[in-house]
Amino acid sequence: MAWKRAGIGFFCLLCLVFASLHSHAADKMAFRQEIIRNVRSGAQTWANCGSVTIVPPAKGYVVVTASGMAFFDTDFSDLSLTLATKSARRGSWVYGVTPGFQLVQNYTVRSVFAVKKDRSYTFYLNGISANGPGRHISVQTGSITAEFYKGSNVHAQEVPEEDSALLRVKTPSDLRSNAL
């Protein structure tokens, strides 16, 4: 009897998902998975950790999401991740990742980009480490997706100039100047 109720519940949930899929789905989607790259800890230079390419069918917005795991070389290391339209460059938003339990940390990075029709766009997951002994941080990207939306439910937003200094990655020289 319990299996029958569970089966009916699962069927109802499945019907609900399929019925609402069209209203929440992107018009076009690009997907890449299983990218493994290294970022040198303490290098203070941006490195490309993966990318995804999409050709939007119309003017609109692309929501880019990258998720995976970072394996740190030591608990003194740090990692900052960003999504950008250029390889090994800083994007509008920077997400900080620090070592977790057993020097492993999950991450998810998401940004919205305005796009034009019939032009190829490549979006890059880039990483930088400001602190660490110079060994490697393994950035394992489980997936990078680019979802196109032509509707106005998604909006790209630039970081105001006065707020961009707050998002800048701190380097050891910045920390020394603050300590004086």
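## A four-stranded sheet and its aromatic residues

Mentor: In this predicted model, 4 strands make up an open sheet, arranged in the order β2-β7-β4-β5 with antiparallel pairing.

Trainee: Which strands are at the edges?

Mentor: The edge strands are β2 and β5, the latter covering residues 94-97, and each of them pairs on one side only. Averaged over the sheet and with direction ignored, neighbouring strands are turned by 20° against each other.

Trainee: And β4 with β7, over how many bridges do they pair?

Mentor: β4 and β7 pair over 5 bridges in the antiparallel sense. As for individual residues, L83 stands opposite L125, which belongs to β7.

Trainee: Switching to the rings, how many aromatic pairs are there?

Mentor: The structure holds 2 aromatic pairs. In one of them, the ring centres of F113 and F123 are 4.7 Å apart and the planes make an angle of 35°, so this pair is tilted.

Trainee: Where do F113 and F123 lie?

Mentor: F113 is in strand β6, residues 104-115, while F123 is in strand β7, residues 121-128, so the pair ties together parts that are 10 residues apart in sequence.

Trainee: Are those two buried or exposed?

Mentor: F113 and F123 are both buried.

Trainee: What about Y121 and F123, why is that pair stacked?

Mentor: Their ring centres are 6.1 Å apart and their planes are at 5°, so the pair of Y121 and F123 counts as stacked, given that planes under 30 degrees apart are classed that way. Both Y121 and F123 are buried, and ring pairs join F113, Y121 and F123 into a cluster.

Trainee: What else is F123 in contact with?

Mentor: Once its neighbours within four places in sequence are set aside, F123 has contacts with G50, S51, V52, I54, V62, V64, A84, T85, F113 and V115.

Trainee: Now the largest nonpolar core, which residues touch the most other members?

Mentor: That core has 28 residues, and those touching the most other members are I54, V62, V64, L79, F123 and L125. The elements giving two or more residues to this core are β1 (28-40), β2 (47-54), β3 (60-71), β4 (79-84), β6, β7 and β8 (136-149).

Trainee: Which element gives the largest share?

Mentor: The largest share of the core comes from β8, with 5 residues.

Trainee: So where does F123 fit in overall?

Mentor: F123 lies in β7, a strand of the open sheet, and F123 belongs both to the ring cluster with F113 and Y121 and to the largest nonpolar core.

Methods:
Residues are numbered from 1 along each chain as its sequence is written. This is a predicted model: local features need pLDDT of at least 70, side-chain atom pairs count only at pLDDT 80 or more; totals for chains, interfaces and linings use all residues. Side-chain values use heavy atoms; hydrogens and water are left out. Rings of Phe, Tyr and Trp (its six-membered ring) pair if their centres lie within 6.5 Å; planes under 30 degrees apart count as stacked, over 60 as edge-to-face and the rest as tilted. Buried means under 20% relative accessible area, exposed over 50%, partly exposed in between (1.4 Å probe, protein chains only). A nonpolar core is a set of buried Ala, Val, Leu, Ile, Met, Phe, Trp, Tyr and Cys residues joined through side-chain atoms within 4.5 Å. Contact means heavy atoms within 4.5 Å. Two strands pair if DSSP finds at least two bridges between them. Axes are lines fitted to C-alpha atoms, for helices over the stretch in contact, and angles run from 0 to 180 degrees between N-to-C directions.
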